[in-house]
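Got the viewer open? Here is a short walk through the fold, one selection at a time.

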Amino acid sequence: MTRVLFVVSAADRWTLKDGEVHPSGFWGEELAMPHKIFTEAGWEITIATPGGKIPTLDQLSMSRTAGWPSKLREVASYLESIKAELNSPQSLDEMDPDEFDVVFYPGGHGPMEDLSVDPVSGALLTRVLASGKPLALLCHAPAAAFAATNKDGSWPFTGYQMTGLSNLEEKFNSFGRKAIWLLEDRLRESGADYVKARLPLRPFVVVDRNLYTGQNPPSSERLAERLVADVTAATR
């Protein structure tokens, strides 16, 4: 059985450059839909957060601006069905990446707040990337990569082609214009080969070696389906 580790932000806020604290957390669709797809594929899922703290659902991800009503209902229903699992996460510092076949990070603004500076998560990312096992970062989750470092101080993701929420997509939110830093900019500055879809808010997935990235919430299903297809093909 394929074992997948879901690393979820424990943040319930995103601090902006003017000091404003914006309520945040994980994005509903980005956790629910991959979890559903992996479960249907027969994968065993373990959810872990920094300190084992219960993750917070970003309520903006369930608002009318976040997607079609039918999709929002599907997401809400699925999150309710795994409520017990979400309310009892493992502590990230107790997770051994060698025990998992895939590591998956859903997004939301939460990772910008905590995982981007979390040394435990950073060490796990460095180790998994070097292992060759599939590592997936969705939407804002590539922010977690900024906490990763090699022993020589270099950035493990340098030269990797990857995507993540674009500057334009971030600025669709009025508060996004007050971000301390923007994900697209910082990925480029750090040494990643950042790419994005021609049009915003369209599904877009990039695979470079064992690194899988999805640009935005609509990429959730495509990213999960690509992982399942590739892992299944590799085990045949």
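Start with two helices. What is the handedness of the crossing of helix 1 and helix 2? It is left-handed. Keep in mind as you look around that this is a predicted model.

Select residues 28-40 for helix 1 and residues 69-81 for helix 2: their axes come within 9 Å and cross at roughly 70 degrees. That angle is why helix 1 counts as roughly perpendicular to helix 2. Now show side chains at the contact. Helix 1 brings Gly28, Glu29, Leu31, Ala32, Met33, His35, Lys36 and Thr39, while helix 2 answers with Lys71, Glu74, Val75, Tyr78 and Leu79. Colour that set by residue type and you get six nonpolar, three polar and four charged residues.

Stay on helix 1 and pick histidine 35, which sits in that helix. Buried or exposed? Histidine 35 counts as buried, because its relative accessibility is 3%. Setting aside neighbours within four places in sequence, its contacts are Phe6, Ile45, Ile47, Tyr78, Ile82 and Glu85. Tyr78 also belongs to the helix 2 side of the contact you just coloured.

Next, hide the helices and bring up the sheet. Seven strands make an open sheet with mixed pairing, and the order to trace is 5-4-1-6-7-11-10. Check the edges: strand 5 (90-91) and strand 10 (205-208) each have a single partner strand, so one side of each lacks a neighbour in the sheet.

Zoom in on the strand 10 edge. Strand 10 runs antiparallel to strand 11 (residues 211-214), and four bridges join the two. For landmarks, label valine 207, which stands opposite tyrosine 212, and valine 206, which stands opposite threonine 213. The two strands form a hairpin with two residues between them, and arginine 209 in the turn has a positive phi of about 55 degrees. That one is worth picking out if you have a Ramachandran plot to hand.

Now look at both faces of strand 11. Leu211 and Thr213 point to one side, Tyr212 and Gly214 to the other, and all of them are buried. Across from strand 10, strand 11 pairs with strand 7 in the parallel sense over four bridges. To see one of the matches there, select leucine 137: its bridge partner in strand 11 is threonine 213.

Slide along to strand 1 (3-7). It is mostly covered, with four of its five residues buried. Strand 1 pairs with strand 4 in the parallel sense over five bridges, and valine 7 has alanine 48 of strand 4 as its bridge partner. With strand 6, strand 1 pairs in the parallel sense over three bridges; label valine 4 and you will find it opposite valine 102.

Last stop: turn the helices back on and see what packs over the strands. Helix 1 touches strand 1, strand 4 (44-49), strand 6 (102-105) and strand 7 (135-138), and its direction makes about 175 degrees with that of strand 1. Then select residues 119-131. This is helix 5, lying across strand 1, strand 6, strand 7 and strand 11 and running at about 135 degrees to strand 6.

How values were computed
Residues are numbered from 1 along each chain as its sequence is written. This is a predicted model: local features need pLDDT of at least 70, side-chain atom pairs count only at pLDDT 80 or more; totals for chains, interfaces and linings use all residues. Side-chain values use heavy atoms; hydrogens and water are left out. Axes are lines fitted to C-alpha atoms, for helices over the stretch in contact, and angles run from 0 to 180 degrees between N-to-C directions. Angles under 35 degrees count as roughly parallel, over 145 as roughly antiparallel, 65 to 115 as roughly perpendicular and the rest as oblique. A crossing is left-handed if the near helix is turned anticlockwise from the far one by less than a right angle, and right-handed if clockwise. Contact means heavy atoms within 4.5 Å. Ala, Val, Leu, Ile, Met, Phe, Trp, Tyr, Cys and Pro count as nonpolar, Asp, Glu, Lys and Arg as charged, and the others, Gly among them, as polar. Two strands pair if DSSP finds at least two bridges between them. Buried means under 20% relative accessible area, exposed over 50%, partly exposed in between (1.4 Å probe, protein chains only).
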